[in-house]
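Visitor: I am new to this structure and would like a close look at one part of it. Could you take me through the sheet and what packs around it?

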Amino acid sequence: MSGSNPTWRDSVSSSSSSSYTEIILVRHGETDWNALGKLQGQLDVDLNEVGRQQAVAVAERLSTEPHVSAVYSSDLKRAYETAEIIAAKCGGLKVIRDPTLRERHLGYLEGHVYSELNRLKPEAYRAFISAKSDQEIPGGGESIDQLYQRCTSSLQRIAEKHRGERVIVVSHGGVIRSLYRRAAPKGRSGGKVHNTSVGIIRLAEGDVLSVQLWNDISHLKQLGFLKSGFGGDMTSG
């Protein structure tokens, strides 16, 4: 599902059926903590300069796509700033902040470099890498199941509000991977979600979801940092 798809821009038109919603999912741009390998979780970290360049690049790309009705974003700064840059290029739409689109809460692991977690926070680290989807992380961290329930409910609510429309949602690696799991056949993993990558999920009536495009970063080719940044995979945060 990765890579550019020349037909996706036409999949929702002004005269389209009201039977489905198309959600364009964008991960936020890079932060200094991404570059350092630090887990952010729900700590509020700004974009760095690379992240702002990435946001401009994805905004330019999305500005050519027709019929964007709304832009939603996590209320964390790294996502919200990315969303504002996109919205300014898409007709000056107002960004709708939605805290249910926040990254997974990672408890005591937030603010620590991933490579040091086992030494500094062994109990929380074991919970983080546990195969049990209902395993919460000490320090108020969410389980995979809790994250999944939160973000899939949010996506369903947005889809129902914008039936027959195309909507941009700017969020985080953990959230976007959970949404892929909901839409993909047999709950497959979507792999690493790169900073400002574009994915598209279509939600049809009857709670039918399908993945139209995934983890596309073709807009970053000219910038020279296609795969920079930490997170967006099993280390997401």
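Guide: Here is a walk through the sheet, strand by strand, and then the helices beside it.

Before we start, please keep in mind that this is a predicted model. The protein chain holds seven helices and six strands. Read from the N terminus, its elements follow the order β-α-α-β-α-β-α-α-α-β-α-β-β. Of its 237 residues, 51% count as buried. If you take contacts between residues at least 6 apart in sequence, 74% of them join residues at least 24 apart.

Now to the sheet itself. Six strands make up an open sheet, in the order β3-β2-β4-β1-β5-β6, and the pairing is mixed. The edges belong to β3 (95-97) and β6; each has a single partner strand, so one side of each is left without a neighbour in the sheet. From one strand to the next, the twist averages 25 degrees. In general, strands of a sheet pair through backbone hydrogen bonds, and they do so in either a parallel or an antiparallel way.

Let us begin with β4, residues 166-171. Six of the six residues of β4 are buried, so the rest of the structure largely encloses this strand. Its side chains take two directions: R166, I168 and V170 point one way, while V167, V169 and S171 point the other way, and all are buried. On one pairing, β4 joins strand β2 (residues 68-73) in the parallel sense, over five bridges. There, V68 stands opposite R166 of β4. Another pairing joins β4 to β1, again parallel, over six bridges. In this pair, E22 has R166 of β4 as its bridge partner. R166 is thus a handy residue to find on screen, since it faces V68 and is also the bridge partner of E22.

From β4 we can step across to β1, which spans residues 20-27. Strand β1 pairs with β5 in the antiparallel sense, over seven bridges. To spot this pairing, look for L25, whose bridge partner in β5 is G199. So β1 is where you can see both senses of pairing: parallel with β4 and antiparallel with β5.

Next comes β5, residues 198-204. This strand is mostly covered, with six of its seven residues buried. Beyond its pairing with β1, β5 pairs with strand β6 (residues 208-216), antiparallel, over six bridges. Two partner pairs help you follow them: L203 with L209 of β6, and I200 with L213 of β6. The two strands form a hairpin with three residues between them. In that turn, G206 has a positive phi of about 85 degrees.

With the strands in place, look at the helices that lie across them. Helix α7 (residues 173-183) lies across β1, β4, β5 and β6, and runs at about 135 degrees to β6. Helix α7 is mostly covered, as nine of its 11 residues are buried. Those residues are G173, G174, V175, I176, R177, S178, L179, Y180 and A183. They pack against β1, β4, β5 and β6, and also against helix α6 (144-161).

Helix α2 also lies across β1, β4, β5 and β6, running at about 155 degrees to β1. It has a helix for company too. In general, two packed helices are described by the angle between their axes and the distance between the axes. Helix α2 (residues 49-62) packs with helix α3 (residues 77-89) at an angle of about 35 degrees, and their axes are 8 Å apart. The crossing of α2 past α3 is right-handed. On the α2 side, the residues that meet α3 are R52, A55, V56, V58, A59, E60 and L62. On the α3 side, they are E81, T82, I85, I86 and K89. By class, this contact has seven nonpolar, one polar and four charged residues.

One last stop is the cysteines. C90 is buried, with a relative accessible area of 12%, and C151 is buried as well, with a relative accessible area of 0%. With the sulfur atoms of a pair required to lie within 2.5 Å, the count of disulfides comes to zero.

Methods: Residues are numbered from 1 along each chain as its sequence is written. This is a predicted model: local features need pLDDT of at least 70, side-chain atom pairs count only at pLDDT 80 or more; totals for chains, interfaces and linings use all residues. Side-chain values use heavy atoms; hydrogens and water are left out. Axes are lines fitted to C-alpha atoms, for helices over the stretch in contact, and angles run from 0 to 180 degrees between N-to-C directions. Helices (H or I, at least four residues) and strands (E, at least two) are DSSP runs, numbered from the N terminus. A crossing is left-handed if the near helix is turned anticlockwise from the far one by less than a right angle, and right-handed if clockwise. Contact means heavy atoms within 4.5 Å. Ala, Val, Leu, Ile, Met, Phe, Trp, Tyr, Cys and Pro count as nonpolar, Asp, Glu, Lys and Arg as charged, and the others, Gly among them, as polar. Buried means under 20% relative accessible area, exposed over 50%, partly exposed in between (1.4 Å probe, protein chains only). Two strands pair if DSSP finds at least two bridges between them.
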